[in-house]
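Here are a few friendly notes to read alongside the model. Keep the 3D view open and find each part as you go.

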Amino acid sequence: MERLPYKEREPFLHLRYGRLDVKDNALVLEDKKGTRMQIPAGAIASLMLEPGMVVTHAAVKLCAEEDCLMIWCGEGGVRFYATGAPGGARSDKLLFQLGLSQDPKKRLMVVREMFRRRFGEDGPDRRSVEQLRGLEGARVREQYQKLADAHGVVWRGRNYDTSKWLAGDEINRAISAANACVYGVSEAAILVAGYSPAIGFLHSGRPLSFVYDVADLYKFELSVPVAFAVVAERKHKDIEGAVRRRLRDVFKAQRIMAKIIPDIENILGVAE
């Protein structure tokens, strides 16, 4: 039986405070009251496992068989701890990605293409990756302020401490929760396409460098505007939950998985 293509799956599902197991060859979530809910692993791209989850060996095995990515994350998807990949990088794709990242000219071509896609214009000529990173930071700060002004939200800059989560203001918590969702779906797309999450171009030296590269392409198109819109409504007690649910609907409506994978191929293909 053929697996459902990733572009037709739900991008992610958040789970917490339960036990994930397999019953009658199906993935089942059981809560503390003993209530069971069946989860169609083959119809979901990634499972976001928050604190309070217990996962059995059988559940991990079934997710691997169904190509369902498992991500162990913090509450609200704020931090990423580990990933269970449903397979692995393809050698041809991995070597191609590595070759681009290690060639200064090709790496710069990829970074320039990312800059063009994010800001709708080519980056200035004769700029290094480091210089383009600095320009990107300035543009991002401007975009934050424009969204804050448009939604009537007080903006004091991007400032948060994951160890003191509730001490942060609502908009920073909302943005972090929203971005975490984009990180999850981006990592799923990268792994499914056969690439490595660690080999980045603008970002480097971190386990999720390429995830941050790819996610940056969609933050101000998807996650950040949703975060500002939810905070501006001033009616949600659970800001992080409201943001996740709103993004879930946006991802589904825009079929985000079907968009990310071709974008990755096209961006890397610029330097081929």
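1. Which residue takes a positive phi in the hairpin of β2 and β3? This is a predicted model, and in it D24 takes the positive phi, near 55°. The hairpin has two residues between its strands.

2. Now follow the two strands of that hairpin. β2 (residues 18-23) and β3 (residues 26-30) run antiparallel and are joined by five bridges. One bridge pairs K23 with A26 in β3, and R19 stands opposite E30 of β3.

3. Next, look at the other partner of β2. Strands β2 and β6 run parallel, with three bridges between them. Here L20 has V55 in β6 as its bridge partner.

4. Put these strands together and you get an open sheet of four strands, in the order β4-β3-β2-β6, with mixed pairing. At its edges stand β4 (36-39) and β6 (53-55); each has a single partner strand, so one side of each is left without a neighbour in the sheet. On average, neighbouring strands in this sheet are turned by 30° against each other, direction ignored. As background, strands of a sheet pair through backbone hydrogen bonds, either parallel or antiparallel.

5. A helix goes with this sheet too. Helix α1 (residues 57-65) lies across β2, β3 and β6, and runs at about 65° to β2.

6. Turn to the helices α3 (residues 104-119) and α8 (residues 256-269). They pack at an angle of about 130°, with their axes 8 Å apart, and are therefore oblique to each other. On the α3 side, V110, E113, M114 and R117 take part; they meet D263, N266, I267 and L268 of α8. The residues of this contact divide into four nonpolar, one polar and three charged.

7. What about the inside? The largest nonpolar core has 65 residues, and F210, F228 and F251 have the most contacts inside it. The elements that each supply at least two residues include β7 (69-73), α4 (129-151), α5 (170-193) and α7 (239-254). Helix α6 gives the most, with 15 residues. In general, nonpolar side chains of soluble globular proteins tend to be buried together.

8. Pick out F228 and look around it. Leaving aside residues up to four places away in sequence, F228 touches Y144, L147, A148, H151, V153, W155, I171 and I175. Apart from the largest core lies another core, of 15 residues, with L20, L27, A59 and C68 among them. You have met L20 already, as the partner of V55 in β6.

How values were computed
Residues are numbered from 1 along each chain as its sequence is written. This is a predicted model: local features need pLDDT of at least 70, side-chain atom pairs count only at pLDDT 80 or more; totals for chains, interfaces and linings use all residues. Side-chain values use heavy atoms; hydrogens and water are left out. Axes are lines fitted to C-alpha atoms, for helices over the stretch in contact, and angles run from 0 to 180 degrees between N-to-C directions. Angles under 35 degrees count as roughly parallel, over 145 as roughly antiparallel, 65 to 115 as roughly perpendicular and the rest as oblique. Contact means heavy atoms within 4.5 Å. Ala, Val, Leu, Ile, Met, Phe, Trp, Tyr, Cys and Pro count as nonpolar, Asp, Glu, Lys and Arg as charged, and the others, Gly among them, as polar. A nonpolar core is a set of buried Ala, Val, Leu, Ile, Met, Phe, Trp, Tyr and Cys residues joined through side-chain atoms within 4.5 Å. Buried means under 20% relative accessible area, exposed over 50%, partly exposed in between (1.4 Å probe, protein chains only). Two strands pair if DSSP finds at least two bridges between them.
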